[in-house]
Amino acid sequence: NTFLPGPVLLLGAPGVGKGTQAQLLMAAFGIPQISTGDILRENIAKGTELGKTAKGLMDRGQLVPDQVVNDMVQARLTGDDVHAGYILDGFPRTLAQATWLDAHLPIFRETPQLVAINIRVDEDELLRRITGRRTCSVCKHIYNIYSHPPAKPGICDIDGSPLQHRSDDTEEAFAERMKAYESLTSPVIEHYRASNRFRAVDGEAPVEQVAQSIVAALKELRQI
Ligand code: AP5
């Protein structure tokens with residue numbers, strides 16, 4: 001009797017561990033991770049029009065316009081690999097995106113109701129996580145030079161590719177990302193908190209422990 005997490009929203013401030021936890025859930029349950037940040041960065045790397053629009057905003061720590069992101073998510077949610085379970089990582093990030101998702105999701109997919117997990121970490125720890133983060137340029141596995149370093153500095157343990165430091169992982173861009181989070185994304189957390197499909201988890205614990213708390217919260221939410 002295998003547990004199926006259904007559609008899951010991972011919410012939380014920049015650097016809280018959404019991507020790290022999404023990669024673990026993806027591996028544990030065989031469901032896709034839909035990360036708006038990753039899709040935008042892929043577009044930047046390929047030099048698409050979307051990427052050109054997004055690059056300056058992202059490097060400054062500002063949000064990409066709602067319509068651009070909603071269209072991108074719509075295209076991704078209608079993908080062949082998206083079935084009854086998936087993880088939305090970094091979306092929705094404004095009330096306008098959340099309202100759009102609530103209205104449109106049943107049209108894209110006949111899936112169980114969304115459940116939302118809010119990961120919480122103190123701001124000082126977030127800055128340490130952001131400045132220490134390194135990401136594999138190929139498989140996108142996430143490392144941290146302080147808490148989760150690769151065996152060989154600058155090289156991915158999984159595929160031997162070089163690790164990258166994100167261009168928005170500076171102190172200046174982090175400050176802007178936190179401002180955007182507090183003014184635009186906090187109301188999204190309140191939006192889902194008001195539903196009975198929401199749990200908060202402590203993100204300060206070690207990665208595996210946070211993962212266990214998330215799975216426990218998902219099991220509880222799916223029993224409602
Ligand atoms: P996005 O890529 O979504 O960035 P973010 O939300 O700022 O989140 P991060 O990716 O920085 O952090 P994370 O929570 O995934 O943490 P991670 O697991 O990597 O967005 C980037 C930009 O794109 C935005 O600023 C915006 O411009 C644009 N954008 C994206 N979505 C958008 C949307 N919907 N609307 C408009 N614009 C949008 O972990 C961080 C570090 O901590 C890693 O080094 C990791 O190893 C370490 N770590 C993780 N967990 C732990 C732990 N438990 N203990 C110790 N270290 C840990």
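In the predicted model, Met 72 is placed in helix α4, which spans residues 66–77. Because 19 C-beta neighbours fall inside 10 Å, Met 72 counts as partly exposed, the threshold for a buried residue being 20 or more other C-beta atoms within that distance. When residues up to four places away in sequence are left out of the count, Met 72 touches Thr 36 and Ile 39. Thr 36 is separated from Met 72 by 36 residues in sequence, yet the two C-alpha atoms are 7.9 Å apart in space.

Thr 36 and Ile 39 both fall within the range of helix α2, residues 36–46, and Gly 37 also lies in this helix. Gly 37 is classed as partly exposed because it has 19 C-beta neighbours inside 10 Å. Between Gly 37 and Thr 48 the separation is 11 residues along the sequence and 15 Å in space, taken from C-alpha to C-alpha.

Two packed helices are described by the angle between their axes and the distance between the axes. Helix α2 packs with helix α3, residues 49–60, at an angle of about 115°, and the axes are 8 Å apart; the two helices are therefore roughly perpendicular to each other. The crossing in which α2 passes α3 is left-handed. On the α2 side the contact is made by Leu 40, Asn 43, Ile 44 and Lys 46, and on the α3 side by Leu 50, Gly 51, Ala 54, Lys 55 and Met 58. Sorted by class, the contact of α2 with α3 comprises five nonpolar, two polar and two charged residues.

A further helix pair is formed by α1, residues 18–29, and α8, residues 207–222, whose axes come within 10 Å and cross at roughly 65°. This angle makes α1 roughly perpendicular to α8, and the crossing of the pair is right-handed. Thr 20, Gln 21 and Leu 24 are the residues through which α1 meets α8, where the partners are Val 207, Val 210, Ala 211 and Ile 214. By class, the contact of α1 with α8 holds five nonpolar and two polar residues, with no charged residues.

In soluble globular proteins, nonpolar side chains tend to be buried together. The largest nonpolar core of the model contains 37 residues, and those with the most contacts inside it are Val 8, Leu 9, Leu 10, Ile 87, Ala 116 and Ile 117. For Leu 9, with residues up to four places away in sequence again set aside, the contacts are Leu 88, Leu 114, Ala 116, Ile 117 and Tyr 192. Ala 116 and Ile 117 thus appear among the contacts of Leu 9 as well as among the residues with the most contacts inside the core.

Two features of the backbone concern loops. Most residues other than glycine have a negative phi, and most peptide bonds are trans. Phe 91 and Pro 92, however, are joined by a cis peptide bond with omega of about -5°, and Pro 92 lies in the loop that runs between β3 (86–89) and α5 (95–108). At Lys 140, a residue other than glycine, phi is positive and near 70°. Lys 140 is found in the loop between β5 (133–136) and β6 (142–144), and it is partly exposed because 18 other C-beta atoms lie within 10 Å.

How values were computed. Residues are numbered from 1 along each chain as its sequence is written. This is a predicted model: local features need pLDDT of at least 70, side-chain atom pairs count only at pLDDT 80 or more; totals for chains, interfaces and linings use all residues. Axes are lines fitted to C-alpha atoms, for helices over the stretch in contact, and angles run from 0 to 180 degrees between N-to-C directions. Helices (H or I, at least four residues) and strands (E, at least two) are DSSP runs, numbered from the N terminus. Angles under 35 degrees count as roughly parallel, over 145 as roughly antiparallel, 65 to 115 as roughly perpendicular and the rest as oblique. A crossing is left-handed if the near helix is turned anticlockwise from the far one by less than a right angle, and right-handed if clockwise. Two residues are in contact if their C-beta atoms, placed from the backbone, lie within 7 Å. Ala, Val, Leu, Ile, Met, Phe, Trp, Tyr, Cys and Pro count as nonpolar, Asp, Glu, Lys and Arg as charged, and the others, Gly among them, as polar. A nonpolar core is a set of buried Ala, Val, Leu, Ile, Met, Phe, Trp, Tyr and Cys residues joined through C-beta atoms within 7 Å. A residue is buried if 20 or more other C-beta atoms lie within 10 Å of its own, exposed if 12 or fewer, and partly exposed in between; C-beta atoms are placed from the backbone.
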